[in-house]
Amino acid sequence: MAGNGVFAEIYDGEVEVYKYYADGHWHKSSSAKSVSIINPTTRKTQFKVQACTQEEVNKVMEAAKVAQKAWARTPLWKRAELLHKAAAILKEHKAPIAECLVKEIAKPAKDAVTEVVRSGDLVSYTAEEGVRILGEGKLLVSDSFPGNERSKYCLSSKIPLGVVLAIPPFNYPVNLAVSKIAPALIAGNALVLKPPTQGAVAALHMIHCFHLAGFPKGLINCVTGKGSEIGDFLTMHPGVNCISFTGGDTGIAISKKAGMIPLQMELGGKDACIVLEDADLDLVAANIVKGGFSYSGQRCTAVKVVLIMDSVADEVVEKVKSKMGKLTVGPPEDDCDITPVVTESSANFIEGLVMDAKEKGATFCQEYRREGNLIWPLLLDHVRPDMRIAWEEPFGPVLPIIRIQSVEEGIHHCNASNFGLQGCVFTRDINKAIMISDAMETGTVQINSAPARGPDHFPFQGLKDSGIGSQGITNSINMMVKVKSTVINLPAPSYTMG
Ligand code: G3P
C-alpha cells in the first residue's frame, strides 16, 4: 500500500498523515492540521495530507531561491542526467503511484499506470529536448539594421526565470505536474508544487522519485494544504517568478492577482466535434465514445459537444448508443470505463446540467442514473442553444448532441463559446477540413480524431478563456526561460584593421 517500502519516509504513521517536502526533507506541518482526501468511490477519507502554513510557504520560497542560484550554474548535461534518473525511478514505482490515483481520483487502474509511464517518458523527453534547445544561442551583428556599422556583436542565450510555481489539476496530478516540473528544472529553475487535494498523495509519491534521484536540497518542493490558507498566498508570493497552472476558472482569478511574471495557463474547454455528411461514420462514433467518455469525461480535451449534420445524425446516434452500451460502469479498481466522478459536488453539478436539459426538452438516449459519485454514461440528443449543457463544461460522462443544418452553424456554435481549447472535424474532404480548422477559434483542431493533448511534445494551448501561452514540452521549456543578451562593442572605426 502507499506509504510503504521506499515511500515510508513520506508518511507519518503515528497520525496517518502524509508529509510535505521542503529543503530536501519530508516534514510535518507546524499547524498540526491535515486535509482529508475523500475516495470518490467509497466517499470515505482515504488519505490525509499536511495543512501547510503561510510561514512554511515563506521558508520554502527562501530555500528555493537559494537552491536555484546554484542549479542555474549546474551544467545542462548534469541537469538532464538527474531528470533521466528521476524518470527511471518514477517508472520503476508506477504500481504504488497508480494505486494512489485509483484511490484518490478514481482513475481506472490501467489508465492510472499509463499516466505514470507517460510521465516518466515526458521527463526523459524534456531532458533531451532541453539539452538540444538550451544548448543553442544566437549571434546577431549590428550592420543589418539601418545606420549601423558592423561594430556590435550580440550574443543571446536563454537563462532561467527563478522559482516556478506549478499547480496541476486533479485529473492528471502526476502527468500535468511533471509537464511543469521537468521543463522548469531543465531550464535551471527551482520548483514549488502545490498539488490538487484529490491527487496530492500521488503527487507526493512522484516528488519522492525526484528526491530519490538526488536533486539538490531546496530545488524541488511540494506544499499541501487548504486553498483558503495558502492558495492566494502562493500565487501572489513575491518569491514566485512564473506560474504554470492547469485547472478551472480559478486560473482567471490567479491571472488577475499574479504580479508581473510569466503565466502559463490551461483552463478547460468546450471541445466541439463537428461532423460533416461525408465523414466515416464508424470512425466518428468510435471517437465520440472515446473522446467523450474516457476517464468519465473528466478531461479538458474531452469531446464536450457534438455538432452534427442533421442528415447523418440518426445513424451516428445509433452507432454511438450501441458502443456506449458496451462501456463498463463501476469501481476504478475493476478497470471500469466509467468510474465515479471526483467529488460529490462535481456529481451534483453534472446532475444540474442534466436536469436543466431535461426540463428544456433534450432527448435522453439512456435513462439518467446516478449512485453516489457514479454517473452512468449519458447521451443527450436534440440539445438546443438555450440549454446550459450546450455551453457549460460538465467534466463528467454526459455528452450533448446538437443537430446542425450547415457547417457554418457548427463553426458559429464552436466560436460562440468562451472557451477555445481544442476541437475536431470529421470529413473525408481534406480541403474542407483545413478550411474549417482555420475558421475554428481553438488552440488545436484535430482532423478525423478526437481532441487530445498528446503526444506530449506537441504544442498545446487554448484561446480565449481556455488559457494563456502554449504548452507541450518544447514550448514549456521556452516559456520558463528568458533571453539574455551580451553585446560586444568593437572599437571605433579608426581602430579597424586592414
Ligand atoms: O484535462 C487535461 C488535459 O490536458 C487533457 O489531456 O492527455 O487527456 O488529452 P489529455
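I began by fixing a term: a polar contact is a pair of N or O atoms within 3.5 Å. I also noted that this is a predicted model, and I kept that in mind for each entry below.

**Contacts of the ligand.** I looked up asparagine 171 and found that an N or O atom in its side chain is 2.6 Å from an oxygen atom of the ligand, so this pair falls within the 3.5 Å that the term allows. For arginine 299 I read a distance of 2.6 Å between an N or O atom of the side chain and a ligand oxygen atom. I then turned to threonine 301, where a polar side-chain atom lies 2.6 Å from an oxygen atom of the ligand. I noted next that the ligand, taken alone, exposes 310 Å², and that the protein buries 98% of this area.

**The shell.** I listed the residues that surround the ligand, among them Arg118, Tyr172, Glu266, Cys300, Arg453 and Phe460. Sorting the shell by class, I wrote down five nonpolar, two polar and four charged residues. I also checked the space that the ligand takes, and it is the second largest pocket.

**The domains.** In the domain assignment of the protein chain I found domain 1, given as 5-267 + 466-483, and domain 2, given as 272-447. For the contact between them I recorded 19 residues from domain 1 and 23 residues from domain 2. I noted as well that the C-alpha centres of domain 1 and domain 2 lie 32 Å apart.

Where does the ligand lie with respect to domain 1 and domain 2? I concluded that the ligand lies between them, because both domains give residues to the shell around it.

Methods
Residues numbered from 1 in each chain as written. Predicted model: local features only at pLDDT ≥ 70, side-chain atom pairs only at ≥ 80, totals over all residues. Heavy atoms only, no water. Near = heavy atom within 4 Å. Polar contact = N/O pair within 3.5 Å; in protein donor to acceptor, adjacent residues only side chain to side chain. Areas by Shrake-Rupley, 256 points an atom, 1.4 Å probe, with all protein chains shown as cover. 1 Å grid on protein atoms, 1.4 Å probe; cavity = no way out; pocket = protein on both sides within 12 Å on 5 of 7 lines; lining within 4 Å. Sits in = over half its atoms within 2 Å of the grid points. Nonpolar A, V, L, I, M, F, W, Y, C, P; charged D, E, K, R; others polar. Domains from an automatic or database assignment. Contact = heavy atoms within 4.5 Å.
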